[in-house]
Amino acid sequence: MKINRSTELKKFNSVSILNQIVTKHTISRQKLINICNLAPSTISALTSELIEKRVIKKTGTKPSSGIGRKTDILSMNPEYWNIISISLTIENNVIALVDLG
């Protein structure tokens, strides 16, 4: 069985982003970049995908700290009540269930 490392890394990074959003309730992409230590393009791509899947949503904007466009604020989509994450590997098995209701 061939393991696609890029797919596994994408899942890991998405879970890291979701953990921060659940913990902080609302957060900007810039803060996600700093906390998750991921490239801006990675944060942008993964958050866009999560928005498209309706897992998270844009809940507002705040002015930039300097010159530039406003910063989007992200939060969990309250209509997306449950998240289940299952990771089965040779080394370990992890199951996580988050009830957002």
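Q: Which residues on the other side of α3 are exposed?
A: In this predicted model, S41 and E52 are the exposed residues there. The opposite face of the question is the buried set of α3, made up of I43, L46, T47 and L50.

Q: What puts the buried residues of α3 on the same side?
A: They cover an arc of only 95° around the axis, so they lie on the same side of α3. A general rule fits in here: an α-helix has 3.6 residues a turn, so residues three or four places apart point the same way.

Q: What covers the buried residues of α3?
A: The cover includes α1 (5–24), α2 (29–36), β2 and β3 (71–76).

Q: Why is T59 called partly exposed?
A: Its relative accessible area is 39%. Buried means under 20% and exposed means over 50%, so T59, at 39%, falls in between and is partly exposed. T59 is found in strand β2 (residues 56–62).

Q: Which residues is T59 in contact with, leaving aside its neighbours within four places in sequence?
A: They are T26, I73, L74 and S75. As for I73, its C-alpha atom is separated from that of T59 by 5.6 Å, with the two residues 14 apart along the chain.

Q: Why does L88 count as exposed?
A: L88 has 61% relative accessibility, and exposed means over 50%, so L88 counts as exposed. Its place is in strand β4.

Q: What makes the nonpolar surface patch?
A: I84, I86, L88, I95 and L97 make this patch of about 580 Å². Both β4 (82–88) and β5 (93–99) give two or more residues, and the largest share, 3 residues, comes from β4.

Definitions and conventions. Residues numbered from 1 in each chain as written. Predicted model: local features only at pLDDT ≥ 70, side-chain atom pairs only at ≥ 80, totals over all residues. Heavy atoms only, no water. Helix = DSSP H or I, 4+ residues; strand = E, 2+ residues; numbered from the N terminus. Buried < 20%, exposed > 50% of the residue type's maximum accessible area, 1.4 Å probe, protein only. Contact = heavy atoms within 4.5 Å. Patch = residues over 30% accessible without salt bridge, like charges linked within 9 Å, V, L, I, M, F, W, Y side chains within 5 Å. Areas by Shrake-Rupley, 256 points an atom, 1.4 Å probe, with all protein chains shown as cover. Salt bridge = Lys/Arg side-chain N within 4 Å of Asp/Glu carboxyl O. Arc of directions from axis to C-beta.
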